[in-house]
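Let's take a walk through this model, starting with its enclosed spaces and ending at a pair of packed helices.

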Amino acid sequence: MSSNHLSRSEHLRALWPWLPLWTVLALLAIFAHGPMPMYSTRTLAVAWEMWSGHHWIVPYFNGAPYSHKVPLLFWLIHAGWFAFGVNDVWPRILEVGFGAAQLVLAATIARRLFPDRPWIAKATPWMLAALAYAFLFSLQIMYEVLLGVCVLSALLTLIPNARRVAPRWWLFGFWIGAGLLTKGPVMLLHIAFPWLLGPLWSDYARREKARWYGFGLLAIVGGLLMLGAWLWPALELGGHAYADKLLFKQTGGRVVDSFAHARPLWWYLQWLPVLLFPFAAWPRAWVAVASLRRPLLPGIRFLLSWLLPVLLGFSLISGKQLYYPLPEFGGAVMLIAAAVALLRERHPRLASTPWLGGWLMALGGVAFGVLLLVLPSLAGRPPFASHWMVDLAAYSRYFGVIYLLMSLLLLMRGRGELRRIAIGGLIGTFAANALFTLALWTPYDLRQASALFAQASAEGHATASVGYPEGQFTFRARLRTPVRQLHGQKSILAFAAQHPDGLVATYRQNDDLQPNDLRYALLVQPFRGDWLVLWKASTLAAMSSGETPPEPAQPTRLLPSPDYWRYRHARTH
């Protein structure tokens, strides 16, 4: 058997069993329910408007150029639609593929950074696969998962392997360009510091500083040229307002004085335990990281040169979201894995004591499992009086048993502690998504509402929305005309005068649903924490003016059913 064949077989065996396990669970989870409003439905809406309007260069949203995002993810969605037709299956498979690619890339980077410690490369994908937030966010059709692939691929090109010491600068530039076309200039923040601080971790960078910085700069310029190849025609086609928003307001607004998602400087630090769960609940991980001492391994110096400046950079940026540092999650678990490996070498007793094992996560699993078991008896009473708790209680007992059994797995002793924590975390997150699907998906399921929008559009009637301009109906209804945004009674009356048979979506807060909504509206359903109410425009105008509209030809469609317990409160108003 040839050495190349043996090498390929070895690499394939290294993917077992974490890659098929994660992929199967991710596919089951992402197809357990439909695309999630608002993230996934908005992305699909933009992809659909580009597709249906033949806007192949400039993204469009609700009939206007969309300056918030660059087009690579939409192009990849379109590639699948060219092959298989327009559907929401391909975009979801695409997202799972991006997530799986991140696992493989993280394992490859770990193998190169720590060639003498193969356990780190084995542990890294298990840990990344188990991160609860990363798993759940990978179920969204969003940009950060693809951006993570671009970031990890770009960084991989800088790291030497057994056959090549010098970076592959043309690949570095290509992946920078792909990242810029995925999320814009923030790509440079993700990759700049491992390159700028190269002499701290790379022997090649120390020896060949001129080549390192010269070729690296050329690679960045090449990536910017890739972005420019799209940007030049996009600015011509999008117009002045689009150019102004794209070039100045989007990146500049979020960096200096965020118009959205403004947070304090320390905001990410308080959320680190959530982002790194379940390993945030593994005492051995924190002891291992705290015990790191100089001289640090080159691989650890690389990770610190990457993670710390990016965390500081995102903290200094005004606009913050939990998913912004998603491309760094692979590096974070790699650092934990490396620290644990060194703890095993330098402090064997700390590396084996059960007091630093998975008991804390097991304790949390027991508490959560017991809470789910008793929730049906507590739901409806403070502090469990919210409608979320009442709906959750219908299925909670079944899942309480799952979390109790998972806790027993975590309390087992002996070899394989990290893998038990990873499997427990992955199954626990998958179970949480399943519980959400069974008990809480109704407020996010817009199939019947979208069908009414599709019917109105097919009949030539205008559509409008009072609030929530997020494109949540656009893709599923295959709308080819914008949903008009209405603000206040005057705009409602004006719209109804022009389009009496038009369809209008309104939103009521939890306690504001009225008996007349249940009597005269076309459809009522829970929507996130509020209510979605669809109206014939003339009926809504009459209601807004204090008049009594004519009785509808058909009774109001009440979802999930007319007997749903939350309607009782509205009927007694």
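Keep in mind that this is a predicted model. Counting cavities of 30 Å³ or more, you get three. The largest cavity holds about 140 Å³ of space. Around it sit Trp22, Gly99, Gln102, Leu103, Leu128, Ala129, Ala134, Phe135, Ser138, Val145, Leu326 and Phe329. Helix H5 (89-113), H6 and helix H7 (132-137) are the elements that each give two or more residues to this lining, and H5 has the largest share with three. As for character, the lining of the largest cavity splits into nine nonpolar and three polar residues, with no charged ones.

The second largest cavity comes in at about 80 Å³. Its lining has 13 residues, and Glu470, Gly471, Gln472, Val483 and Gln485 are the ones nearest its centre. Here the mix is six nonpolar, six polar and one charged.

Now back to H6, one of the elements lining the largest cavity. Helix H6 (residues 118-130) packs against helix H17 (residues 329-346), at an angle of about 135° and with the axes 9 Å apart. An angle over 145 would count as roughly antiparallel, so H6 and H17 are described as oblique to each other. The crossing of H6 past H17 is right-handed.

Who touches whom? On the H6 side you'll find Trp119, Ile120, Ala123, Thr124, Met127 and Leu128, which meet Phe329, Gly330, Val333, Met334, Ile336, Ala337, Ala338, Val340, Ala341 and Arg344 of H17. That contact is made up of 13 nonpolar residues, two polar and one charged. Two names should look familiar: Leu128 and Phe329 also line the largest cavity.

How values were computed
Residues numbered from 1 in each chain as written. Predicted model: local features only at pLDDT ≥ 70, side-chain atom pairs only at ≥ 80, totals over all residues. Heavy atoms only, no water. Axes fitted to C-alpha atoms, helices over the stretch in contact; angles between N-to-C directions. Helix = DSSP H or I, 4+ residues; strand = E, 2+ residues; numbered from the N terminus. Parallel < 35°, antiparallel > 145°, perpendicular 65-115°, else oblique. Left-handed = near helix turned anticlockwise from the far one by under 90°. Contact = heavy atoms within 4.5 Å. Nonpolar A, V, L, I, M, F, W, Y, C, P; charged D, E, K, R; others polar. 1 Å grid on protein atoms, 1.4 Å probe; cavity = no way out; pocket = protein on both sides within 12 Å on 5 of 7 lines; lining within 4 Å. Points joined across faces, edges and corners; volume = space filled by probe spheres on them.
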